[in-house]
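Student: I would like to go through this structure slowly, asking at each step how a label is earned. Could you set each value against its cut-off for me?

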Amino acid sequence: MIPKVFREVIDLGDGRTISIETGKLAKQAHGSVVVQSGKCMLLCTVVSNYQQSDVDFLPLTVDYREKFAAAGRYPGGFFKREARPSDGEVLTMRLVDRVLRPLFPKDYHAETQVMIQLMSHDENVMPDAMAGLAASAAIQLSDVPFETPISEVRVGRINGEFIINPTQAQLLESDIDMVIGASADSVMMVEGEMKEISEEEMVEAIKFAHDAIKVQCAAQVKLAEAFGKKEVREYEPEREDEDLAKKIHDMAYDKVYAIAKSASAKHERGAAFAEIKEEIKATFTEEELEDFGGLISKYYSKAEKAAVRDLTLNEGLRLDGRKTTDIRPIWCEVDYLPSTHGSSIFTRGETQALATVTLGTSREANQIDMPSFEGEERFYLHYNFPPFSTGEARPIRGTSRREVGHGNLAQRALKGMVPEDYAYTVRVVSEVLESNGSSSMATVCAGTMALMDAGVPIKKPVSGIAMGLITDTETGKYAVLSDILGDEDHLGDMDFKVTGTEDGITACQMDIKVKGLSYEILVKALMQAQAGRLHILGKLVETIAQPNADVKPHAPKMITRRIPNEFIGALIGPGGKVIQELQKETGTTIVINEDPVTEEGIVEILGVGQDGINAVLAKIDSLMFKPEVGNVYEVKVIKMLDFGAVVEYTQAPGNEVLLHVSELAWERTENVSDVVNMGDVFEVKYFGVDPKTRKEKVSRKAILPKPEGYVARPPRDNNRGGGRDNRGRDNRGRDNRRDDRKPREDRKDD
């Protein structure tokens, strides 16, 4: 039976569209759609269990995968199948998860899985920009409880004009690359990188993206109505007890408020809050605890949250005693680790990051191999968040999605400041040693100083700050918080990280937990963030004002040399023999890449010792040396022969030529050693390739004065040296024709 297909089309302008289709594929999923733009096709499915899980949170999994077959390619590696997700796929999962998760009911705890797959790739369409639309559309077609449709778009700007979902090629020209997630009435997520744009320009980009998202949300509603919107499933809600909630609030609120106002340190404050909770639990019998234990913890958390938020809204004070605009104390240090190419420590309050920089050749570039993108990164940053940084002991099971996301944010913040023509590959690693408040922003600050310490000529230093927000919808009060603590992130309504130079924003990441955040509050948060990050930037510059003039003595020096492609083979040698021996002799690393545009070879020479680098450069000069006809060059004798001397050009060691005995002197030379000896240095004139011998010709006598009375000898007779005349006689008059000689058999005993 031919399936009935339902379809909606969204017009993006300039001839581009996005279609949302259902009814053909994956019909056993609770909701499924195919989203298509150009040749790019995403299949998204959602399945949610009908029984609640025995946990107090939503076990939501968002999985995004790109199939290599979608681009007509094979996966790399020995086993030709897709394996663990790439960093790019993980980042897309995070973009979608952060918008979806807050819109499920808070008491909905059924295991839910959203799977998005790239099934067909189009090089002019970036699939991650449509992943949020696909996820929301699939949920709208299911019976899973979900508050409202959302969508995500990428926004770029070229020559002052905003573009929705630009191509990869357009992004290269764009000064903005942001992904915005929103519902029809609220912006919920922003993440991206910029080329030092202003706060006002960023808000304009968000507004432009939100207008496009509203159209995409309306299309989802229309598709669901045409398909036949399912009744939202019934599920067992969480148990509630209003009387118990009020009782615990009354018991906890004032005590928590007092502790919050005491401005104690993180662990002391945590211990005090835990003591209040235990005191409250002690007022209940064992039977009541067994019956209401979960509710007691839940209602205590609500009371704690209310008290901390009210302290800020009513008195402008925060958990550690700061005012809303205050930045925690900062101390910094560079060149802390003696063996790294660059290092720094950035400490802000109870958050600390240790950053290192390693310099290498293009061989160390980070290779990206995805169906939707192939390339390499010559600058990349890795972020590590060990459990001890928060005083915890837990198993480490590989790199977490959080570490990938935070590292990517810091990388985007810094990468625009590294010159595009910088010869080195640069790897920054941030080790978070303490965490109470944004460690990703600490990573940006530490990374900036480590780069300058390593001698990387960054254009400008970059700093970062995490902002928070507390609002009261009933009274209209709100407070924007600078440099938030970990607890303020958890208890607040917004987590907004922004990085930049003194001239503008370079990256941002924002998650908004309240509906209908006004652009007025957003602009205030951005302007307050600007003041905060400029304050932090001043602390960085106090520690290290500008990049070191050169790399450290123990760090490798990099020299890049361009050579014509015709000389690459000579430098590599048969089977790599020449380049391998050269690396061994000089203690350097030599990498050769070809530039297809200029048809040249780019030779990267990396070495700690300048002498080794100079030796490699000399070898390259030698291989590329081409003497010009008529010029005089200095040579050195390196080999003596009966018929001449082998000499090498002193300006190009290894470049050899034969100096024939007849070109040594004007006088007749019987023995080569009568004129020159091993190691002698003198000048010769270059005559190019002799057409008779087809070999290069040089002459020493050509630049010597002729002896007085010198008479040139007549040219040799063609018959000289054993030649015969037309009667078969040699040049001495002897008849040596074979028929006058003895038969071969008669000469056996001669």
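Student: Why is R157 called buried in this model?

Tutor: The model is a predicted one, and in it R157 has a relative accessible area of 9%; because buried means under 20%, R157 counts as buried.

Student: What makes D175 partly exposed?

Tutor: D175 has a relative accessibility of 22%, and since partly exposed covers what lies between under 20% and over 50%, D175 is placed in that class.

Student: How do you know that D175 forms a salt bridge with R157?

Tutor: The closest N and O atoms of D175 and R157 are 2.7 Å apart, and a salt bridge asks for a side-chain nitrogen of Lys or Arg within 4 Å of a carboxyl oxygen of Asp or Glu, so the pair qualifies. D175 lies in the loop between α3 (168-173) and β9 (176-183), whereas R157 lies in strand β7, so the pair ties together parts that are 18 residues apart in sequence.

Student: What makes E488 and R318 a salt bridge, and which parts does the pair tie together?

Tutor: Their closest N and O atoms are 2.9 Å apart, which is set against the cut-off of 4 Å, and both residues are buried. E488 belongs to helix α10 (residues 486-491) and R318 to the loop between α7 and β11 (330-334), so the pair ties together parts that are 170 residues apart in sequence.

Student: How many salt bridges does the structure hold, and which residues are linked in a network?

Tutor: The structure holds 46 salt bridges, and D128, R154, D177, E193, R412 and K415 are linked in a network of them. Within this network, D128 pairs with R154 at 2.9 Å between the closest N and O atoms, and D128 and R154 are both buried.

Student: Why does C40 form no disulfide?

Tutor: A disulfide needs two cysteine sulfur atoms within 2.5 Å, but the sulfur of C40 is 13 Å from the closest cysteine sulfur, in C44, so the distance is too far for a bond. C508 is in a similar position, for its sulfur is 16 Å from the closest cysteine sulfur, in C445, again too far for a bond. The structure holds zero disulfides.

Student: Are C40 and C508 buried or exposed?

Tutor: C40 has a relative accessible area of 0%, and C508 likewise has 0%; as buried means under 20%, both residues are buried.

Terms used. Residues are numbered from 1 along each chain as its sequence is written. This is a predicted model: local features need pLDDT of at least 70, side-chain atom pairs count only at pLDDT 80 or more; totals for chains, interfaces and linings use all residues. Side-chain values use heavy atoms; hydrogens and water are left out. Buried means under 20% relative accessible area, exposed over 50%, partly exposed in between (1.4 Å probe, protein chains only). Helices (H or I, at least four residues) and strands (E, at least two) are DSSP runs, numbered from the N terminus.
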